[in-house]
Amino acid sequence: MRCGEELLIFDLGTGVRVLGEELCALGGPVRGTIFLSHYHYDHLQGLPFFTPIFNPIHSFTVYGAPRKGQSVKEVLAGQMVHPYFPVTAEQVFKAQLTYRDVESKQVLEVGPARIRTLDMNHPGGSLGYRVECDGRSVVYATDVEHGSAKDPELVEFARDADMLIIDAMYTEDEYRGLKGAAKLGWGHSTWESAVETANAARAKQLVLFHHETTRDDDAMDRFVEEVRKHRPDVIAAVESEILEP
């Protein structure tokens with residue numbers, strides 16, 4: 001996300017490899033702030049392949065929640081050790097890195113951006129982020145399961161947002177086990193709950209995110225067509241797509 005001169009990066013999945021190459025291709029030092037929702041592998045797999053992190057001319061501040069007594073720095077270093085990875089973070093991360101622990105319901109300031117956090121319903125915890133900048137607001141709510149006491153908090157967190165990017169991995173039938181194995185307790189939501197949350201929050205744009213990996217592009221098109229019967233403005237997030245709230 002671009003906010004004035006600030007580069008805000010949310011999570012470090014495989015897509016961050018391409019982002020890193022594009023940033024380095026611009027020439028000159030790269031400066032950015034990374035916000036981690038949680039530490040499951042699909043949100044960290046791109047970190048060891050994020051090109052700017054190997055070069056001391058670049059600088060990043062990394063925010064993430066402490067888990068089980070470990071700081072964000074310790075958690076990230078812990079995934080790059082034997083037998084999981086051949087070299088350690090200390091050996092190869094040469095960029096200027098600042099690690100900062102963050103908790104739910106904090107308010108952060110990064111340049112002109114005001115960022116709020118909220119802990120959501122997900123096994124092990126997952127932080128949602130609301131970014132407010134230049135009169136616009138975007139909520140990033142990945143990895144959240146509906147049906148808990150935290151639902152009203154998320155609605156208020158997303159209140160009147162210009163854009164709500166939210167977990168909509170399943171259909172209700174998939175989630176309940178009417179089609180395939182039930183997914184209750186897996187930490188993800190349905191498109192039905194995404195629409196309900198967006199409508200309740202009066203979010204202006206709904207972006208479906210964290211797609212079910214077994215759905216190919218044609219299946220995703222059919223998925224979105226179905227959702228648009230209930231929320232015509234909805235779109236599904238696409239890799240490398242540029243959105244303006």
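## Arg-130, Glu-132 and their partners

In this predicted model, Arg-130 pairs with Glu-132 in a salt bridge whose closest N and O atoms lie 2.8 Å apart. Arg-130 is buried, because its relative accessibility is 7% and the cut-off for buried is under 20%. Glu-132, by contrast, counts as partly exposed because its relative accessible area is 21%.

Glu-132 has another partner too: its side chain meets that of Arg-114 in a salt bridge, at 3.2 Å from N to O. This contact ties together distant parts of the chain, with Glu-132 in strand β8 and Arg-114 in strand β7 (residues 113-120), 18 residues apart. Arg-114 has a relative accessible area of 33%, so this residue is partly exposed. If you are browsing the structure, look for Arg-116 as well, since Arg-114, Arg-116, Arg-130 and Glu-132 are linked in a network of salt bridges.

## Salt bridges elsewhere

How many salt bridges does a search of the whole structure find? The count is 13. One of them joins Lys-229 to Glu-226, with the closest N and O atoms 3.0 Å apart.

Is Lys-229 buried or exposed? Lys-229 is exposed, because its relative accessibility of 64% is over the 50% cut-off. Its partner Glu-226 has a relative accessible area of 32%, so Glu-226 is classed as partly exposed.

## The disulfide

Now for the cysteines. The structure holds 1 disulfide, and it joins Cys-3 to Cys-133 with an S to S distance of 1.9 Å. The pair links distant parts of the chain: Cys-3 sits in strand β1 (residues 2-3) and Cys-133 in strand β8 (residues 126-133), 130 residues apart. A disulfide is a covalent bond between the sulfur atoms of two cysteines.

The link between Cys-3 and Cys-133 is right-handed, with 115° about the S-S bond. Are these two cysteines buried or exposed? Both Cys-3 and Cys-133 are buried. Cys-24 is another cysteine to look at: this residue counts as partly exposed because its relative accessibility is 28%.

## A negative patch

Which residues gather in a patch of negative charge on the surface? They are Asp-216, Asp-217, Asp-218, Asp-221 and Glu-225. To find the patch, you can start from Asp-216, which lies in the loop between β11 (206-209) and α7 (217-227).

Asp-216 is partly exposed, because its relative accessibility is 45%. That value fits the patch rule, which asks for over 30% relative accessible area.

## A nonpolar patch

The surface also carries a nonpolar patch, formed by Tyr-41, Val-81 and Tyr-84. Together these residues have about 330 Å² of accessible area.

Where is Tyr-41 found? Tyr-41 is in the loop between β3 (31-35) and β4 (59-64). With a relative accessibility of 49%, Tyr-41 counts as partly exposed, because exposed is reserved for values over 50%.

Notes: Residues numbered from 1 in each chain as written. Predicted model: local features only at pLDDT ≥ 70, side-chain atom pairs only at ≥ 80, totals over all residues. Heavy atoms only, no water. Patch = residues over 30% accessible without salt bridge, like charges linked within 9 Å, V, L, I, M, F, W, Y side chains within 5 Å. Areas by Shrake-Rupley, 256 points an atom, 1.4 Å probe, with all protein chains shown as cover. Salt bridge = Lys/Arg side-chain N within 4 Å of Asp/Glu carboxyl O. Lys, Arg positive; Asp, Glu negative; His and termini not counted. Charge placed at Lys NZ, Arg CZ, Asp CG, Glu CD. Helix = DSSP H or I, 4+ residues; strand = E, 2+ residues; numbered from the N terminus. Buried < 20%, exposed > 50% of the residue type's maximum accessible area, 1.4 Å probe, protein only. Disulfide = S-S within 2.5 Å.
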